Each structure stands twice: as C-alpha cells, then as structure tokens.
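Grab a coffee and work through these exercises with the model open. Try each task yourself before you read the solution.

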Amino acid sequence: MSDWTELESETFIDGAHLFVPSRDELHETIVRAMDLGDRRAFVIELSCGDGELARRVLMRHGATHYLGLDRSERMREHAKERLSLFGARAVVESFDIHNFADMSLPSRPDALISSLAVHHLDGEGKKRLFRKAFAELEVGGRLVICDVVLPAGAVATAIAAQQWNCAVARNSLDAFGDLRGLERFHELEWNMYSGTPVGDEIDKPSTLLEQLNWVQESGFKDVDVIWHYAGHAVFCATKR
C-alpha cells in the first residue's frame, strides 16, 4: 500500500467498530485525558475520521468548540453528517497530516487530540508534529494521542498480534454472534503485527518509548501512558 485512498476510508468507516480494540473505552480515555472540565474550550482533532470521537467530546463538554481535520473527503463527509446536530460548535476541514507543522491554526487550542493517524508520519514527522503541538497549545493545554505503536521486539510483536485478533473476535461476537468480523479482518490483512515486518510506505509506527521521549523533548510535562493494549496506546502530556 503506497497511499491512503477513499477505499480505505470506506473500509474503516464500515469496520472501525470491529477492527479497533475496545473503541468505546479508547474514546472515553481520550475524552477524560483532555481534562477540560466545564470551561469553554477549543479542541482540535488531527485526522478526525468518521467523527465518532468528536461526537463524544461535544456531548460530554457542552461549552466546547471543535475543529476536526482530515485528508479524506469521505471521512469529512461522514464526520460533518454525524456532527451536524452540534451546529456552529463543530467545524470539519481538509488538511494533510504531513503538512500540519506548516499549518496556520485559527486560534490556540486547549486540547489537541489525534486517534490512529500519527503513525502515518515517520520519526522526523512525528517530532515536527509534537513541536508544533507544543507551540500552538494554550498554556495548560493537553496533547492526547491514540495510535498503533511499534513493539520493542519479537515477543511484544507476537503478543500485540494475538491481542488484536482476540479483540476483533470479541467485537465480532458482540456484533454478529459469530466470527465474520475476524474473517474480514484477516482477509484485509489489517493486523500489521501478523506475519510480516511491521510498517510499510503508509504505516510507519514508532516505539512508544521513542514517542514519549520526543514529546518530552518538545517541551511537554506530565508525559504519560494511560492505556495500552493490542499494539494500541494512548499517551498524553501538558504544556506548562
């Protein structure tokens, strides 16, 4: 795979509830980690996908305004439809995560979040993104990243692969009462930890430790991992 296409977007929209481990728990973890409270806040999401995380953010925080950014036209259409009930509080626009470091933002966000997107950047790209996030956030603002990460060695890779398969199997049983979702998952070769070297031209995961160090080197404090399973991790930090 050399580039993300609208076909991949459609596949993700249709299959995210099956293919993402513990998706509801992941989203809840991200929302809690933003630590917005009841104040009026501005949240930017990089690669907002189908808008499901944004919906949860806006439902939980009634004074929050939100800007969702995504490269995929299909994703943006789906997100706009899902978020239409929030009116002017939710805006969805086009962007390319590879160019985020050079992007002008409308105002300083109180939280910058991203789910399952940063791994499309190589190591230097991730470093630029973290530095840009630190420069743009309000003082006290939170960076919250959910992403697939590169396991540190063969044992960790095998465990991540098995856990991801098990998670998809549970999701499929919950949704259909059978394993058709897992069969589709295998058919699409979606589990990057199974059978082949991890990463390709589009998926460029870095180790969790590398990314925590890069976030800290960017100036952030309180850098921590708050969720990790099946090769998926949520980590967060504060600009002080």
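**Exercise 1. Is Arg82 buried, partly exposed or exposed?**

*Solution.* Arg82 has 28% relative accessibility, so it counts as partly exposed (buried is under 20% relative accessible area, exposed over 50%, partly exposed in between, with a 1.4 Å probe and protein chains only). A word on the input: this is a predicted model, where local features need pLDDT of at least 70, side-chain atom pairs need pLDDT 80 or more, and totals for chains, interfaces and linings use all residues. Numbering starts from 1 along each chain as its sequence is written, and side-chain values use heavy atoms, with hydrogens and water left out.

**Exercise 2. Find the salt-bridge partner of Arg82 and work out what the pair ties together.**

*Solution.*
- Step 1: the partner is Glu52, with the closest N and O atoms 3.5 Å apart (a salt bridge is a side-chain nitrogen of Lys or Arg within 4 Å of a carboxyl oxygen of Asp or Glu).
- Step 2: Glu52 sits in helix H3 and Arg82 in helix H4 (residues 73–83), so the pair ties together parts 30 residues apart in sequence. Helices (H or I, at least four residues) and strands (E, at least two) are DSSP runs, numbered from the N terminus.
- Step 3: Glu52 is the buried end, at 12% relative accessibility.

**Exercise 3. Which residues are linked with Arg82 in a network of salt bridges?**

*Solution.*
- Step 1: the network links Arg23, Asp50, Glu52, Arg55 and Arg82.
- Step 2: within it, Arg23 bridges to Asp50, with the closest N and O atoms 3.2 Å apart.
- Step 3: this pair spans 27 residues, from Arg23 in helix H2 (residues 23–34) to Asp50 in the loop between strand E1 (41–46) and helix H3 (52–60).
- Step 4: Arg23 and Asp50 are both buried.

**Exercise 4. Describe the salt bridge of Glu28 with Arg56, then give the total count.**

*Solution.*
- Step 1: the closest N and O atoms of Glu28 and Arg56 are 3.7 Å apart.
- Step 2: Glu28 belongs to helix H2 and Arg56 to helix H3, which puts distant parts of the chain, 28 residues apart, in one pair.
- Step 3: Glu28 is partly exposed at 24% relative accessible area, while Arg56 is buried at 17%.
- Step 4: the total comes to 15 salt bridges.

**Exercise 5. Which residues of helix H8 are buried, and which are exposed on the other side?**

*Solution.*
- Step 1: in H8 (residues 208–217), the buried ones are Leu208, Gln211, Leu212, Trp214 and Val215.
- Step 2: these cover an arc of only 160° around the axis (taken from the directions from the helix axis to the C-beta atoms), which puts them on the same side of H8.
- Step 3: the general background is that an α-helix has 3.6 residues a turn, so residues three or four places apart point the same way.
- Step 4: Leu209, Gln216 and Glu217 are exposed on the other side of H8.
- Step 5: the buried residues of H8 pack against helix H5 (123–136), strand E5 (142–148), strand E6 (221–229) and strand E7 (232–238).
- Step 6: after H8 comes Gly219, with a positive phi near 120°.

**Exercise 6. Where is Ser104 found, and how many Å apart are Ser104 and Gln163?**

*Solution.*
- Step 1: Ser104 lies in the loop between strand E3 (90–94) and strand E4 (111–115).
- Step 2: Ser104 is exposed, at 66% relative accessible area.
- Step 3: C-alpha to C-alpha, Ser104 and Gln163 are 39 Å apart in space, and they are 59 residues apart in sequence.

Notes. Contact = heavy atoms within 4.5 Å.
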